[in-house]
Protein chains: 4
Amino acid sequence: MASRLGVNQYGKAETHLVRVYRDGDVHSLRDLTVSVALAGDLEAVHLTGDNANVLPTDTQKNTVYAFAKEAPVGAPEAFALRLARHFVTGPIRRARVEVYETMWARVNAHPHAFTQASGERRFAAAVSEAGGDRVLSGIADLVLLKSTGSEFSGFERDRYTTLAETRDRVLATAVTARWRHAAANGDWDESFAGARRALIEAFAFTHSLSLQQTLYAMGRAVLEARGEVAEVRLSLPNRHHFVVDLAPFGLENANEVFHADDRPYGLIEGVVEREGAPDPGPAWAPYPLL
Amino acid sequence: MASRLGVNQYGKAETHLVRVYRDGDVHSLRDLTVSVALAGDLEAVHLTGDNANVLPTDTQKNTVYAFAKEAPVGAPEAFALRLARHFVTGPIRRARVEVYETMWARVNAHPHAFTQASGERRFAAAVSEAGGDRVLSGIADLVLLKSTGSEFSGFERDRYTTLAETRDRVLATAVTARWRHAAANGDWDESFAGARRALIEAFAFTHSLSLQQTLYAMGRAVLEARGEVAEVRLSLPNRHHFVVDLAPFGLENANEVFHADDRPYGLIEGVVEREGAPDPGPAWAPYPLL
Amino acid sequence: MASRLGVNQYGKAETHLVRVYRDGDVHSLRDLTVSVALAGDLEAVHLTGDNANVLPTDTQKNTVYAFAKEAPVGAPEAFALRLARHFVTGPIRRARVEVYETMWARVNAHPHAFTQASGERRFAAAVSEAGGDRVLSGIADLVLLKSTGSEFSGFERDRYTTLAETRDRVLATAVTARWRHAAANGDWDESFAGARRALIEAFAFTHSLSLQQTLYAMGRAVLEARGEVAEVRLSLPNRHHFVVDLAPFGLENANEVFHADDRPYGLIEGVVEREGAPDPGPAWAPYPLL
Amino acid sequence: MASRLGVNQYGKAETHLVRVYRDGDVHSLRDLTVSVALAGDLEAVHLTGDNANVLPTDTQKNTVYAFAKEAPVGAPEAFALRLARHFVTGPIRRARVEVYETMWARVNAHPHAFTQASGERRFAAAVSEAGGDRVLSGIADLVLLKSTGSEFSGFERDRYTTLAETRDRVLATAVTARWRHAAANGDWDESFAGARRALIEAFAFTHSLSLQQTLYAMGRAVLEARGEVAEVRLSLPNRHHFVVDLAPFGLENANEVFHADDRPYGLIEGVVEREGAPDPGPAWAPYPLL
């Protein structure tokens with residue numbers, strides 16, 4: 001039997017870096033969890049255990065920390081890009097660096113005390129290879145809810161359909177979104193702030209006939225607000241809020257009392273692309289692979 | 001061999017209620033996860049399986065939903081108290097109701113769109129029995145960090161001690177705090193807001209010689225700010241931020257680059273009491289039991 | 001206002017130790033996660049930040065590792081006891097050491113390859129003070145299910161009760177159990193194996209009229225099987241398996257197709273004591289405190 | 001600006017089905033968590049909210065339960081395939097069904113009492129479209145450890161490298177593996193058992209010079225053992241076990257006492273393919289999308 005090595009990558013995952021900047025007495029923070037995945041001429045290590053082309057994942061971790069000192073960290077996109085470019089050398093022909101940023105807010109006007117601002121995490125990734133660099137931005141765990149302005153009706157029915165149509169329901173989701181930049185430079189913080197705002201406002205101000213419609217509106221809103229974005233990918237769980245039947249207790253329930261269920265949940269996923277956008281190349285290669 | 005039944009309780013845990021209030025077009029929300037534990041004359045069900053004294057946990061769940069419609073939910077403390085009092089009847093002689101509230105913030109001035117405001121959860125509990133009611137408030141997952149203003153030195157040493165003293169370290173924690181009210185009434189929302197503010201400000205403005213000292217300062221600050229609070233209990237994990245050794249790369253690291261570690265972690269716990277406070281009774285009985 | 005320090009404890013939590021024993025080519029493992037909590041003369045550190053009585057939690061971590069080399073680790077109860085006794089010295093008047101053991105099974109007859117045997121974790125705790133030592137054993141995440149042999153009927157009803165009686169249901173739970181030993185010595189591995197077997201067999205062979213009845217039977221079975229055990233504490237979530245209504249699809253469902261729900265869940269908790277058992281002292285003091 | 005809809009899919013995720021089979025008094029179980037993702041002519045729902053082509057995710061959930069009654073569930077691969085084929089009709093042109101199976105073991109010879117056998121989960125997926133069907137099998141959370149027989153040396157070094165070479169280390173991982181079948185039929189249970197055995201034995205019996213080498217050996221072993229498998233994908237976190245420095249305490253540590261760390265971790269991922277295997281088609285399309 002003949003077997004062969006296919007797609008492969010390796011690296012250090014989830015190095016948790018906190019970088020403190022001290023501008024006199026006034027401090028600021030960046031809190032980044034960084035994952036690196038390298039690909040290239042790695043056949044020998046798989047087939048024979050020859051590590052000559054393998055830069056240890058321990059070294060990758062060291063590099064994350066050293067880079068945080070050698071130059072300003074900046075936006076997570078910039079830091080990911082700087083790291084990714086560094087790793088592409090010798091046998092390594094492609095590097096992917098993914099970053100999740102935890103956001104901290106200053107306590108009042110305190111110079112060095114902070115509180116974790118929200119459960120949201122900002123995401124950034126850079127993929128670097130000889131042919132150029134790709135940059136993604138994104139967000140995870142952005143939890144949104146509308147208490148009205150959402151319908152679901154006119155859907156297909158088969159013999160297993162029991163769902164009633166509704167003209168008024170709660171719509172809730174935890175947004176995972178990633179978007180691809182047309183170029184590997186920009187004002188990342190401003191771009192992120194604008195894209196995040198567009199996502200939230202599109203969710204809030206779209207009268208929703210389906211979560212798919214809301215998803216498309218959210219993606220399009222980012223493209224409209226941010227000319228530098230080529231493509232938006234969204235994964236939106238439908239966090240079902242079921243109207244509780246209070247009739248056995250002689251009570252009406254006009255969309256006032258809900259059971260927020262955990263599982264199962266709808267999962268609505270899609271891509272909104274700008275026409276004529278540049279090719280993504282390896283920007284969306286899966287990480288982790290499984 | 002003679003065995004006997006000791007402490008016992010039962011109930012429905014983690015009923016996730018979302019209550020929407022519709023004041024014309026402008027909506028508001030309460031998002032509560034409610035757990036009930038009942039105790040009383042429950043020997044027969046344990047020894048012989050006679051359920052005559054057992055109000056089903058399914059009924060307890062129904063009650064949470066029905067109560068959310070029959071009267072305003074109000075603060076989580078008030079809702080817990082209303083439920084706890086209801087369940088104490090017939091063979092049930094004590095009811096404990098615990099509530100975690102997830103906080104939502106309005107999107108801009110939108111009438112019915114919300115975003116989950118933070119990872120913090122507000123806590124409330126009520127314990128009701130013939131002898132009266134007890135109320136606890138609290139907070140979980142309040143993550144705080146100081147980038148300076150924290151020392152640790154002068155500690156005990158033994159033959160296994162290798163830790164160096166430090167005059168400047170990062171201090172970070174995820175606060176779990178609960179406090180007991182002297183009476184079962186009050187302006188719960190104002191009380192909570194004041195206690196939360198006291199905790200955060202004490203953490204921020206205490207120059208810390210140890211996390212124990214900070215803990216005590218946080219508890220005392222709540223007692224000073226809120227005369228209605230009899231006792232504060234705090235559980236503070238010390239989320240270690242280790243200074244990364246950058247010397248092998250020819251770099252200094254003057255408390256700028258940190259590795260935020262997960263485990264192990266210090267765990268500092270303590271109670272701060274007001275002298276002369278009323279007896280807690282069963283307020284702190286463990287839930288869950290293990 | 002006068003405030004004072006109440007109950008307090010501190011220590012290093014979740015030190016994850018893996019100890020490899022090499023008996024020639026044949027290896028064996030103990031995989032223990034160890035948490036330490038110390039109490040004693042700790043007023044100064046809370047009130048003034050004087051650390052003179054504070055053995056660093058870093059030292060406690062070091063001690064866990066050093067002890068694993070200085071003498072055989074043995075059963076988790078024995079290791080907890082050895083550590084707890086060590087820490088009670090000078091200002092420290094009580095030490096609590098809790099251990100979770102992850103179980104590994106040998107791959108076939110391989111001398112040094114192992115697979116994690118199950119999701120269950122074995123638990124042990126020792127509490128040491130001048131007055132003597134207490135030892136707990138236990139288990140967590142032991143998931144059990146009966147597909148019949150469980151009823152629930154004859155229960156109390158009120159105006160919020162809608163639950164139907166049932167003579168045949170699925171009963172499923174994830175057992176958390178801890179039991180207290182009358183003395184601080186014994187054959188811990190044999191004792192644990194016997195207690196675990198008693199729990200499982202009592203669950204399996206008790207025709208259940210309620211989960212409370214099953215709980216009591218499980219606790220009593222441990223006391224009957226193991227004379228050295230003074231008391232058993234159980235926390236049993238009722239993992240509801242709901243019969244799916246297939247009537248809309250023209251199908252019967254005679255307890256064959258179930259929806260396994262996550263939340264809410266019943267939570268049944270209780271203590272089964274041996275009459276005349278010695279006083280528990282601080283064995284059950286809460287850890288963590290909140 | 002012109003935007004357009006790209007790749008999209010939707011469905012019900014994590015329907016948790018437990019199917020009880022009653023062969024007289026002797027019962028058996030299948031415990032499956034099923035996720036469905038449908039793709040096809042879904043432009044209208046995204047662009048205008050027209051749901052005419054949208055079979056509700058609620059209906060998909062109902063279908064999972066009804067199918068579990070209408071015919072034997074069988075192996076998870078078979079169940080996934082039966083469901084996937086069902087959903088491809090009308091506007092739906094591709095269906096992906098993923099299943100995780102939780103394994104239960106009978107308590108002794110008990111006819112209807114079970115214990116959850118391990119933390120491992122069996123995985124299966126089917127992708128159905130007009131052009132045919134693809135089937136994947138797999139495993140998650142299979143935790144393996146070797147206490148020796150693993151080296152790491154001869155690796156690339158750069159200015160950030162501090163790692164020492166080692167001729168003897170602990171190698172531990174939590175295997176996530178998925179493999180693609182050449183055809184959409186077979187004896188799934190026998191195939192799974194053989195592939196799982198091959199993975200474990202290759203891990204155990206490969207003297208490891210790197211985790212990449214072990215990964216390739218594991219994938220190749222599956223291909224050698226199971227002629228019906230076309231391709232194996234593996235994601236192997238390197239769960240670092242660090243030798244604790246006990247020298248400060250006057251103790252040697254010859255690979256006996258380890259700190260099992262959580263993060264960061266190495267992540268080694270790769271594909272092992274059979275030469276001449278059929279094209280995967282959409283078998284590996286990402287789910288979830290992000």
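The following exchange concerns a predicted model and its chains A, B, C and D.

Biologist: On what terms is this model to be read, and what pLDDT do local features need?

Modeller: Residues are numbered from 1 along each chain as its sequence is written, chains are lettered from A and ligands numbered from 1 in the order in which they are written, and side-chain values use heavy atoms, with hydrogens and water left out. In this predicted model, totals for chains, interfaces and linings use all residues, side-chain atom pairs count only at pLDDT 80 or more, and local features need pLDDT of at least 70.

Biologist: How many helices and strands does chain A have?

Modeller: Helices (H or I, at least four residues) and strands (E, at least two) are DSSP runs, numbered from the N terminus. The C-alpha atoms of chain A fill a box of roughly 75 × 65 × 40 Å along the principal axes. Within chain A, the secondary structure comes to 5 helices and 11 strands.

Biologist: What percentage of the residues in chain A is buried?

Modeller: Buried means under 20% relative accessible area, exposed over 50% and partly exposed in between, with a 1.4 Å probe and protein chains only. Contact means heavy atoms within 4.5 Å, and residues 24 or more positions apart account for 67% of the contacts in chain A with a separation of 6 or more. Of the 290 residues in chain A, the buried share is 63%.

Biologist: How far apart are the centres of the positive and negative side chains of chain A?

Modeller: Lys and Arg count as positive and Asp and Glu as negative, while His and the chain ends are not counted. Each charge is placed at NZ of Lys, CZ of Arg, CG of Asp or CD of Glu. Chain A has 31 positive and 37 negative side chains, and the centres of these two sets are separated by 4 Å.

Biologist: Why does the span of helix α2 of chain A agree with its number of residues?

Modeller: The expected span of a helix is 1.5 Å times one less than its number of residues. Helix α2(A) covers residues 57-70, and its 14 residues should therefore span 20 Å. The end C-alpha atoms of α2(A) agree with this, being apart by 20 Å.

Biologist: Which elements outside chain A help to cover the buried residues of α2(A)?

Modeller: Because 12 of its 14 residues are buried, α2(A) is largely enclosed by the rest of the structure. Among the buried residues are Val64(A), Tyr65(A) and Phe67(A). The cover includes β1 (3-13), β2 (15-23), β3 (26-40) and α3 (76-87) of chain A, and also β10 (257-260) of chain B and β11 (265-274) of chain D.

Biologist: Which residues of α3(A) are buried?

Modeller: Helix α3(A) has 12 residues and reaches 17 Å from its first C-alpha to its last, close to the 16 Å expected. Its buried residues are Pro76(A), Glu77(A), Phe79(A), Ala80(A), Leu81(A), Leu83(A), Ala84(A) and Phe87(A).

Biologist: Which residue of chain B has the C-alpha nearest the axis that relates chains B and C?

Modeller: Copies are superposed by least squares on the C-alpha atoms of residues with pLDDT of at least 70 in both. Chain B can be laid on chain C with an RMSD of 0.0 Å by a turn of 180° and a shift of 0.0 Å along the axis, and the two copies are thus related as by a two-fold rotation axis. The nearest C-alpha of chain B lies 3.9 Å from this axis and belongs to Pro286(B).

Biologist: Which residue of chain B comes closest to the axis that superposes chain B on chain A?

Modeller: Chain B is superposed on chain A by a rotation of 180° with 0.0 Å of shift, at an RMSD of 0.0 Å. The same surface serves both copies, as 100% of the contact residues of chain B recur in chain A. At 1.9 Å from the axis by its C-alpha, the residue is Ser118(B).

Biologist: Is Asn255(A) buried or exposed?

Modeller: Asn255(A) is in the loop between β9 (241-243) and β10 (257-260) of chain A. Its phi is near 60°, a positive value in a residue other than glycine. Most residues other than glycine have a negative phi. At 12% relative accessibility, Asn255(A) counts as buried.

Biologist: Which proline follows Arg263(D) through a cis peptide bond?

Modeller: The bond has an omega of about -10°. The proline lies in the loop between β10 (257-260) and β11 of chain D. The residue joined to Arg263(D) is Pro264(D).
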